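Hi there,

Here is the structure I promised to pass on. Have a look at it first, and my notes follow underneath.

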Amino acid sequence: MIEISALQEHETDAAVALWRTVNLTRPWNDPYADIDLALKSPIATVLAGRKNGQLVATAMIGSDGHRAWVYYLGITPSLQGQGLGRKMMEACETWASDKGVSKIQLMVRNDNLAVREFYQSLGYKPSDVVVLSRWLDENSQELERRSLLDRG
Ligand SMILES: CC(C)(COP(=O)(O)OP(=O)(O)OC[C@H]1O[C@@H](n2cnc3c(N)ncnc32)[C@H](O)[C@@H]1OP(=O)(O)O)[C@@H](O)C(=O)NCCC(=O)NCCS
């Protein structure tokens with residue numbers, strides 16, 4: 001069993017280490033700043049899943065006032081495939097319902113499409129949309145541009 005509640009500040013390093021291990025970080029996203037922003041926001045949080053007091057799972061969730069979005073869903077590799085991902089998504093759904101939000105959305109990177117089967121088994125379906133984005137921060141924009149160039 002895991003216990004799920006909001007990430008505590010002292011668990012930040014463990015969360016970032018987990019994200020690095022399961023390849024959820026990107027050069028243009030500062031994971032510490034992302035955690036700080038979510039934990040300070042009244043309409044977002046990072047949920048932490050703990051086993052025997054140790055952080056083993058995370059999911060960031062926030063409402064934009066219309067939909068709720070999930071980011072940074074990650075389960076420690078040795079415990080994957082045991083239902084923890086499902087439990088974390090259920091916790092996200094409860095968080096969203098409690099805020100009166102009736103739909104959860106999330107983005108899956110093109111280099112991680114295999115994970116779609118996980119979401120599909122939880123009832124998540126592809127949406128007929130293209131996601132457009134624009135950086136409001138030139139430094140992050142440049143980091144993303146260089147990283148994508150490096151990948152060829
Ligand atoms: C994706 C991830 C969160 C899934 O968590 P998990 O704890 O391994 O998944 P669960 O054990 O809760 O699986 C729930 C269901 O999804 C299915 N499932 C899980 N991973 C799957 C996969 N890669 N392909 C197909 N089905 C999968 C399981 O069989 C299970 O189905 P069932 O309940 O009908 O038996 C986890 O593997 C992970 O942390 N991956 C790395 C980070 C990542 O890619 N996060 C998502 C970013 S969008």
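Let me start with two helices that touch. In this predicted model, T12, D13, A15, V16, W19 and R20 of helix α1 are in contact with P31, Y32 and I35 of helix α2. Sorted by class, that contact is made up of 6 nonpolar, 1 polar and 2 charged residues.

As for how the pair is arranged, α1 covers residues 12–21 and α2 covers residues 31–40. Their axes come within 10 Å and cross at roughly 125°. An angle between 115 and 145 degrees counts as oblique, so α1 and α2 are oblique to each other. The crossing of the two helices is right-handed.

Now to the ligand. There are 19 residues around it, and the nearest are L73, G81, G83, G85 and R86.

Which atoms of G85 lie 2.8 Å from an oxygen atom of the ligand? For G85 it is a backbone N or O atom. Two side chains are also worth finding on your screen:

- S121 has a side-chain N or O atom 2.9 Å from a ligand oxygen atom.
- Q80 places a polar side-chain atom 3.3 Å from an oxygen atom of the ligand.

Happy browsing, and write back with any questions!

Best wishes

Conventions. Residues numbered from 1 in each chain as written. Predicted model: local features only at pLDDT ≥ 70, side-chain atom pairs only at ≥ 80, totals over all residues. Heavy atoms only, no water. Axes fitted to C-alpha atoms, helices over the stretch in contact; angles between N-to-C directions. Helix = DSSP H or I, 4+ residues; strand = E, 2+ residues; numbered from the N terminus. Parallel < 35°, antiparallel > 145°, perpendicular 65-115°, else oblique. Left-handed = near helix turned anticlockwise from the far one by under 90°. Contact = heavy atoms within 4.5 Å. Nonpolar A, V, L, I, M, F, W, Y, C, P; charged D, E, K, R; others polar. Near = heavy atom within 4 Å. Polar contact = N/O pair within 3.5 Å; in protein donor to acceptor, adjacent residues only side chain to side chain.
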